Amino acid sequence: MCGIVAGVSQGNVVPFLLEGLKRLEYRGYDSCGVAVLQRGEARRVRTLSRVCSLEADALAADLDGVTGIAHTRWATHGTPVINNAHPIFSGEQIAVVHNGIIENHEQLREQLRLKGYEFQSQTDTEVIAHLIRDHYQGDILTAVRDAAGLLQGAYAIAVMCRDEPKRIVGARQGSPLVVGIGDDGAFLASDTTAIADCAERFVYLEDNDVVDIHGTDIAIQDREGRTVSRREVKSRGHAQDTGLGAYRHYMQKEIFEQPVAVARTLATMSGDESLQAAMPSPEELADVSNLVMLGCGTSYYAALTACSWFEHFANVTARAEIASEFRYRDYVSQGNTLVIAVSQSGETADTLAALRYVQSMGEARTLAICNVAASAMVRQSRWAFITEAGVEVGVASTKAFTTQLVALFALAIAIGRQRGSVSQSEAATWMRQLAALPDAMRNVLAREPEIMAWAEALHQTEHALFLGRGAHFPIALEGALKLKEISYIHAEGYPAGELKHGPLALVTESMPVIVTAPNDALLQKLKSNMEEVRSRGGRLFVLADSDTGLMAGPGMRVIHMPAWRGPLSPVLHAVALQLLAYHVACLRGTDIDKPRNLAKSVTVE
Ligand code: G6P
């Protein structure tokens with residue numbers, strides 16, 4: 001999704017801005033641009049190509065200045081054409097970059113048109129630029145504050161004015177914005193990663209904050225112009241390894257990083273009964289009898305997988321909710337509820353809104369399971385568990401998913417322990433099983449050649465069906481999601497028991513059926529479901545635990561997974577399905593790390 005980098009530096013700010021944009025590329029974008037104040041002018045370059053092209057264009061245009069703003073755009077209002085790329089100017093005077101959506105842009109556009117403003121783009125951002133110019137009377141801070149008061153919707157903006165060198169003003173409502181301060185200058189970005197190398201101290205802005213970066217001075221105000229103070233956070237070793245190394249794609253690298261990511265996440269748990277310092281205490285968990293988990297995309301599937309763990313180990317009712325739907329439903333509290341927001345980024349707009357919604361309905365016990373410690377969801381929640389997946393660059397989530405699963409599993413054991421449904425020795429056994437998971441994952445990764453052979457057989461299909469039962473049904477959904485998002489093959493996940501209620505009608509030789517088959521209590525039923533496919537000429541691709549006794553035969557390929565790991569088995573099958581989607585996409589030649597139309601962090605509704 002869109003990304004913002006801006007700053008006032010000691011020397012030429014352009015290299016910092018471009019480096020920041022490169023670090024935001026993983027979020028997905030369709031155009032990018034940069035503007036600086038140079039010799040009394042606002043100058044910009046924009047491109048529909050990648051940031052490396054923008055870099056060449058900026059060099060050719062001799063862009064050089066200490067004050068600048070830059071942006072990667074993921075189109076929402078207006079197609080991806082140059083005129084819609086940011087920075088957006090109002091005349092030669094005001095330049096704006098913007099993340100988010102202005103909901104009342106049509107009404108404001110009409111008012112501005114009547115005042116004589118001409119629009120060069122189809123963006124809602126141009127409304128902001130003209131509005132600021134309309135309020136400008138010599139002080140850009142006041143103009144931004146006044147204009148922001150008229151905007152409805154979610155946004156983060158960075159603004160500069162031709163007449164006020166060495167000054168950048170930012171404002172946020174609903175979309176993240178962070179100030180970074182370092183020896184090289186003061187910066188503003190939508191994501192800490194963008195400025196992790198040029199800043200050591202960070203200030204996370206709150207909704208309705210307006211920040212004034214003036215040379216090296218930084219002041220934060222609320223909408224009424226009152227000074228507000230925000231906590232400063234020191235760098236937490238952000239400069240993590242984000243290089244590709246020997247891998248072809250980040251997704252491949254991140255799939256293979258999973259054993260380490262899971263081990264790191266487990267290492268943060270100090271014992272079987274307390275997970276991390278910012279987690280609820282055992283006493284605070286003791287009377288939890290209901291769980292509501294909120295998430296989107298892959299994070300939602302992690303929550304859905306965990307429902308069975310919470311029911312089984314903790315004996316609590318558990319439901320996973322798609323945040324974008326849940327936020328508009330009528331919430332009925334069951335009492336004694338723990339609400340868990342599950343998110344890689346901690347910034348997904350719908351999950352954040354759903355979390356705020358349950359809080360507004362009186363739920364005070366909220367926990368974020370996030371991969372980004374400084375994210376909005378972590379700050380919004382009473383408690384937080386930080387997964388240690390490390391920076392995830394590929395748009396399709398992989399290592400974030402398995403670390404979320406591990407965190408949720410450990411939480412189910414911890415709640416079970418407090419509620420007396422899991423004994424101390426059982427808890428210790430399960431923690432040992434968790435500790436053995438990284439090795440078991442390596443074992444699955446070693447099956448890559450067999451998975452590549454499946455990919456060869458599958459890459460020309462246009463449709464695929466994924467089947468699973470119990471805790472493996474969400475894994476089938478996740479397998480289908482992975483395949484569709486990176487290979488563009490239409491794929492659906494189904495609970496195998498529902499086959500006869502519709503999808504069986506689709507089964508022919510040209511509809512491969514991929515099955516996740518653990519050696520659990522539902523195996524015999526699953527075998528019957530597979531026979532239903534086989535007897536209709538369907539082609540089966542079965543991931544079977546090695547102790548299932550399932551063997552390859554006519555119409556049925558089998559990859560033997562490690563022996564059944566009980567309730568942890570879904571984590572291993574998920575890894576195999578990630579690899580399958582990855583290799584199918586490789587054979588189809590898609591843009592694996594940045595699939596078309598998708599974004600890493602969806603910060604608009
Ligand atoms: C986007 C990403 C997905 C991710 C989802 C939720 O759609 O492409 O990979 O699962 O957002 O993101 P979150 O950061 O909340 O886990």
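Mentor: Domain bounds here come from an automatic or database domain assignment. The model is predicted.

Trainee: Into which domains is the protein divided?

Mentor: The division follows the chain from residue 3 to residue 600. The pieces are domain 1 (3-234), domain 2 (242-435) and domain 3 (443-600).

Trainee: Which residues does the UniProt annotation "active site" cover?

Mentor: That annotation comes from an unreviewed UniProt entry. The residues it covers are Cys2 and Lys600.

Trainee: Why do these residues gather at one spot, though they span 599 residues in sequence?

Mentor: Sequence separation says little here, because what counts is the distance between their C-alpha atoms. No two of those atoms are more than 9.8 Å apart.

Trainee: Which of these residues does the lining of the largest cavity include?

Mentor: Take the annotated pair, Cys2 and Lys600. The cavity lining includes Cys2.

Trainee: Is cysteine 2 buried or exposed?

Mentor: Cysteine 2 sits in the segment before β1 (3-9). Its contacts beyond four places in sequence include Arg27, His98 and Ser190. Buried means under 20% relative accessible area. Cysteine 2 has 11% relative accessibility, so it counts as buried.

Trainee: Where is lysine 600 found?

Mentor: Lysine 600 also counts as buried, at 11% relative accessibility. Along the chain, its place is the segment after α19 (569-588).

Trainee: With which side chain does the side chain of lysine 600 make a polar contact?

Mentor: Leaving aside neighbours within four places in sequence, lysine 600 touches several residues, among them Met1, Arg27, Glu392 and Val395. One side-chain pair lies at 2.5 Å. The polar partner is glutamate 392.

Trainee: How far apart are the end C-alpha atoms of residues 454-595?

Mentor: The unreviewed UniProt entry annotates residues 281-421 and 454-595 as "domain: SIS". Residues 281-421 are 46% helix and 20% strand, with end C-alpha atoms 17 Å apart. Residues 454-595 are 37% helix and 20% strand. Their end C-alpha atoms lie 22 Å apart.

Trainee: What area do domain 2 and domain 3 bury between them?

Mentor: The centres of domain 2 and domain 3 are 25 Å apart, taken over C-alpha atoms. The contact takes 32 residues from domain 2 and 29 residues from domain 3. Carbon and sulfur atoms carry 70% of the buried area. The total is about 2,700 Å².

Trainee: Which residues in domain 2 lose the most area to domain 3?

Mentor: Together they make up 24% of what the domain 2 side buries. They are Met251, Tyr301 and Val395.

Terms used
Residues numbered from 1 in each chain as written. Predicted model: local features only at pLDDT ≥ 70, side-chain atom pairs only at ≥ 80, totals over all residues. Heavy atoms only, no water. UniProt positions renumbered as here; feature names shortened; annotations may be inferred. 1 Å grid on protein atoms, 1.4 Å probe; cavity = no way out; pocket = protein on both sides within 12 Å on 5 of 7 lines; lining within 4 Å. Helix = DSSP H or I, 4+ residues; strand = E, 2+ residues; numbered from the N terminus. Buried < 20%, exposed > 50% of the residue type's maximum accessible area, 1.4 Å probe, protein only. Contact = heavy atoms within 4.5 Å. Polar contact = N/O pair within 3.5 Å; in protein donor to acceptor, adjacent residues only side chain to side chain. Buried area = accessible area lost by both parts, 1.4 Å probe.
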